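These exercises go with the model displayed below. Try each task on the structure before reading its solution.

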Amino acid sequence: MSQDGPGIHLETSVGYLLKEASSALRSAMEAVLRPLGMTITHYSCLELLAQRPGLSSSDLARGAFVTRQSMNVLLQALERDGLVTRAEQATTGRVLPTELTDAGRRQLATASAAVRGVEDRMKSGMDETEQAAFADLLARSITSLRDARP
């Protein structure tokens, strides 16, 4: 079916292609994380804490693209499972900083290797120069959209 007029052509729409790529990436990541007993949000939380120890629940929620309530539920489970620790009392304000435990670091190492394999598979049709350009173009696109906010 052809589309006449000013509509979007899905085959060439960058937004549609990005959404399709995002969906394929999410499915592939879920497939490698599920056997590890993890979700993408679980993995994202651990990765954020490894790179930025001491983040608050609100910071983690923003970084993992979930609500504060969802992150709080996840953090309670991760704490119960011995993967993170949270201070009993806030050192400043009401923020309870969260940090990875050794068990959390071990689980993250396994998950990171699996996710890296998915990303490598996603970029396997590109040479090194194309991979660098792809990352640069995506980063610039994100910046452009964030800078153009009303």
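Buried residues, those under 20% relative accessible area (1.4 Å probe, protein chains only), make up 25% of the 150 residues in the protein. This is a predicted model, in which local features need pLDDT of at least 70 and side-chain atom pairs count only at pLDDT 80 or more, while totals for chains, interfaces and linings use all residues. Residues are numbered from 1 along each chain as its sequence is written, and side-chain values use heavy atoms, with hydrogens and water left out.

**Exercise 1. Describe the fold and the overall dimensions.**

Step 1. Take helices (H or I, at least four residues) and strands (E, at least two) as DSSP runs, numbered from the N terminus. The protein then has six helices and two strands, in the order α-α-α-α-β-β-α-α.

Step 2. Compare the radius of gyration, taken over C-alpha atoms, with the globule rule of 2.2 Å times the number of residues to the power 0.38. The protein has 19 Å, whereas a compact globule of 150 residues would have a value near 15 Å.

Step 3. Along the principal axes, the C-alpha atoms fill a box of roughly 60 × 35 × 30 Å.

**Exercise 2. Find the largest pocket and describe its lining.**

Step 1. Work on a 1 Å grid over the protein atoms alone; a pocket is an open set of points where a 1.4 Å probe fits, with protein on both sides within 12 Å along at least five of seven lines, and lining residues have an atom within 4 Å of a point. The largest pocket has a volume of about 1,400 Å³, a volume being the space filled by probe spheres set on the points, which are joined across faces, edges and corners.

Step 2. Of its 33 lining residues, Ser-22, Leu-25, Phe-65, Glu-119 and Ile-142 are the closest to the centre.

Step 3. Helices H1 (14-33), H2 (40-51), H3 (57-64), H5 (102-122) and H6 (128-147) each give the lining at least two residues.

Step 4. Sort the lining by type, with Ala, Val, Leu, Ile, Met, Phe, Trp, Tyr, Cys and Pro as nonpolar, Asp, Glu, Lys and Arg as charged, and the others, Gly among them, as polar. The result is 19 nonpolar, seven polar and seven charged residues.

**Exercise 3. Is Phe-65 buried or exposed, and what is its phi?**

Step 1. Phe-65 is in the loop between H3 and helix H4 (68-80).

Step 2. Its relative accessible area is 73%, so Phe-65 counts as exposed (over 50%).

Step 3. Although Phe-65 is not a glycine, its phi is positive, about 60 degrees.

**Exercise 4. Place His-42 and list its contacts.**

Step 1. His-42 belongs to helix H2 and is buried, at 9% relative accessible area.

Step 2. Contact means heavy atoms within 4.5 Å. Neighbours within four places in sequence aside, His-42 touches Gly-37, Leu-74, Leu-78, Leu-83 and Gln-107.

**Exercise 5. Examine salt bridges within helices.**

Step 1. Look for a side-chain nitrogen of Lys or Arg within 4 Å of a carboxyl oxygen of Asp or Glu. The whole structure holds six salt bridges.

Step 2. In helix H1, Glu-30 and Arg-26 are four residues apart, and their closest N and O atoms are 3.3 Å apart. Glu-30 is partly exposed (between the two cut-offs) at 30%, and Arg-26 is partly exposed at 44%.

Step 3. In helix H3, Asp-59 and Arg-62 are three residues apart and pair at 2.5 Å, N to O. Asp-59 is partly exposed at 32%, while Arg-62 is exposed at 55%.
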